[in-house]
Amino acid sequence: MVEHNSGKEVNELACRHEGELIPSGKREVAGAVNADTCRELIREAIDSLKYSYTPYSGFKVGAALLTKNHKVYKGCNIENASLTPTNCAERTAFFKAVSEGEKEFLAIAIVGGKDGILEDYCSPCGVCRQVMMEFCNPKNFLVILAKSEYDYWIYSLEELLPLGFGPANLTK
């Protein structure tokens, strides 16, 4: 345990499921995505909340996507009056990165809540999970769901999208 500047004790290991902790080094990409990197991604995702355009739902979502080269692409959700053209924060981050030539990713941090208040973990929708599947190794790509930089869960994409369908399925 480490004391955070708020005076609260925080665990240096990331919570994966309630009460279960992941020691660093357990996942293949853990060396690149350590606790400090997780916290930085979460801070970037929280920062991107201010750009959310949510006049209809008021539910703001921010995302920060880490590339293999350690560049971060941020995204926010952007609503539309006719709903279907609405774009999620996760897809905004992916589309920004891919449109600039990036196609290898390590992790994404996602935060969200009504009026930007982070009271619960914000999980990616099915469409966003499918976009992740297009560009990421589901076994190694990490999805960080956070309420703060010290309160987060980490999942592999495979855990969030079991039996996912991606490019590898088309080459079999």
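**Fold and nonpolar cores of a predicted model**

The protein chain contains 5 helices and 9 strands. The coordinates are those of a predicted model. Read from the N terminus, the elements follow the order β-β-β-β-α-β-β-α-β-α-β-β-α-α.

The chain has 172 residues, and 45% of them count as buried. About 9200 Å² of the protein chain is exposed, with carbon and sulfur atoms supplying 53% of that area. Contacts can also be sorted by separation along the sequence: of those between residues at least 6 apart, 61% join residues at least 24 apart.

In soluble globular proteins, nonpolar side chains tend to be buried together. In this model, the largest nonpolar core comprises 24 residues. Those with the most contacts inside this core are Leu65, Phe94, Ile108, Ile110, Met132, Phe141 and Val143. Two or more residues each come from strands E5 (59-67), E7 (105-114) and E8 (142-148), and likewise from helices H2 (89-99), H3 (126-135) and H4 (157-160). Helix H2 gives the most to this core, contributing 4 residues.

Leu65 serves as an example from this core. Which residues is Leu65 in contact with, leaving aside its neighbours within four places in sequence? The list consists of Leu41, Lys71, Val72, Tyr73, Ala93, Phe94, Ala97, Phe105, Ala107, Ile108 and Phe141. Of these partners, Phe94, Ile108 and Phe141 are also named among the residues with the most contacts inside the largest core.

Besides the largest core, there is a second, separate core of 19 residues. Its members include Ala35, Cys38, Leu106 and Ala146.

Methods
Residues numbered from 1 in each chain as written. Predicted model: local features only at pLDDT ≥ 70, side-chain atom pairs only at ≥ 80, totals over all residues. Heavy atoms only, no water. Core = buried A, V, L, I, M, F, W, Y, C linked by side-chain atoms within 4.5 Å. Buried < 20%, exposed > 50% of the residue type's maximum accessible area, 1.4 Å probe, protein only. Contact = heavy atoms within 4.5 Å. Areas by Shrake-Rupley, 256 points an atom, 1.4 Å probe, with all protein chains shown as cover.
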